[in-house]
Amino acid sequence: TVGRMDRWDMSRMPAFSDPSQQNQSDQTPLRIGVMASGNGSNFEALAQAIDAGTLAAEIRLLVVNNPGCGAQQRAQRLGIPCTVLDHRVLRERERLDQALVDCFRSAAVEVIVMAGWMRIVTPVLINGFADRLVNIHPSLLPSFKGLDGIGQALAAGVKITGCSVHLVTAELDGGPILAQAAVPVEERDTHTSLSERVHQAEHRLLPEAINAMIPVWRQG
Ligand code: GRF
């Protein structure tokens, strides 16, 4: 499994090796917010990478839309603040997104990571955090956008799939790709077995991709 940072970010990457280019704020942990709807294993992978010292960030706030979901339980166990914004209460997409923007701004969040957020987002959120809203998707984009990237890969019979970390734009799963990891599909793979290996790849790739972007965000 290989994570790659290429094209888009290289052109915007500052001269990070030159210490004079690093201002004071580069030393402080990146303040991230996380959005999750379900299990939350990617959310926990971010927390673990922070603890391990491989991601120079702090998770200021988790927002979930499903009360009691796995991600919320993980946040409780990890001692990370969690807010529930239930889409059954905030029924209009724009209202939900405005509430997300408000919560993350109050928590002084610099960058938002969508880690299994199963709602379509609107320009209210996308423009509120322009170039600072990241998503992880379980396929090698631009293949298999939308729901069930794993099932789509199995149905297509591809021999290699994987995961992608990308910036969120108005086009669903279509923003600039920051990093990808490849996962070979095996003959005997089921949805469960392939999903497990893609998740393992995601847990490595997501913190790595976020960490590599910190100098870009701090300069922007
Ligand atoms: C991941 O496969 C991610 O790519 C997709 O949703 C899934 C979330 O898994 N967007 P988890 O909740 O982090 O375990």
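**Shell around the ligand.** I began with the elements that surround the ligand in this predicted model, and I noted that α2 (41–52), β5 (133–137) and α7 (191–219) each supply at least two residues of the shell. I then listed the residues around the ligand, which are Asn39, Gly40, Ser41, Asn42, Gly116, Ile136, His137, Pro138, His199 and Glu202.

**Polar atoms at the ligand.** I looked up the polar distances next, and found a polar side-chain atom of Glu202 at 2.4 Å from an oxygen atom of the ligand. On the backbone side, I recorded that a polar backbone atom of Asn42 lies 2.8 Å from an oxygen atom of the ligand, while a nitrogen atom of the ligand is 2.9 Å from a backbone N or O atom of Ile136. I also checked the cover, and of the 370 Å² of accessible area that the ligand has on its own, the protein covers 86%. When I turned to the pockets, I saw that the ligand takes up the space of the largest one.

**His87.** I moved on to His87, which I located in the loop between β3 (82–84) and α4 (93–106). I asked myself whether His87 is buried or exposed. I entered His87 as buried, because its relative accessible area is 15% and the cut-off for that term is under 20%. Leaving aside residues up to four places away in sequence, I found that His87 touches Asn65, Asn66, Leu96 and Arg119. For Asn65 I could add a polar contact, made between its side chain and the side chain of His87 at 3.0 Å.

Terms used. Residues are numbered from 1 along each chain as its sequence is written. This is a predicted model: local features need pLDDT of at least 70, side-chain atom pairs count only at pLDDT 80 or more; totals for chains, interfaces and linings use all residues. Side-chain values use heavy atoms; hydrogens and water are left out. Helices (H or I, at least four residues) and strands (E, at least two) are DSSP runs, numbered from the N terminus. Buried means under 20% relative accessible area, exposed over 50%, partly exposed in between (1.4 Å probe, protein chains only). A polar contact is a pair of N or O atoms within 3.5 Å; within protein, one must be able to donate a hydrogen and the other to accept it, and residues adjacent in sequence count only if both atoms are side-chain atoms. Contact means heavy atoms within 4.5 Å. A residue is near a molecule or strand if one of its heavy atoms lies within 4 Å of it. Accessible areas come from the Shrake-Rupley method with a 1.4 Å probe; for residues, only the protein chains shown count as cover. On a 1 Å grid over the protein atoms alone, a cavity is a set of points where a 1.4 Å probe fits but cannot get out, and a pocket is an open set with protein on both sides within 12 Å along at least five of seven lines; lining residues have an atom within 4 Å of a point. A molecule sits in a cavity or pocket if more than half of its atoms lie within 2 Å of its grid points.
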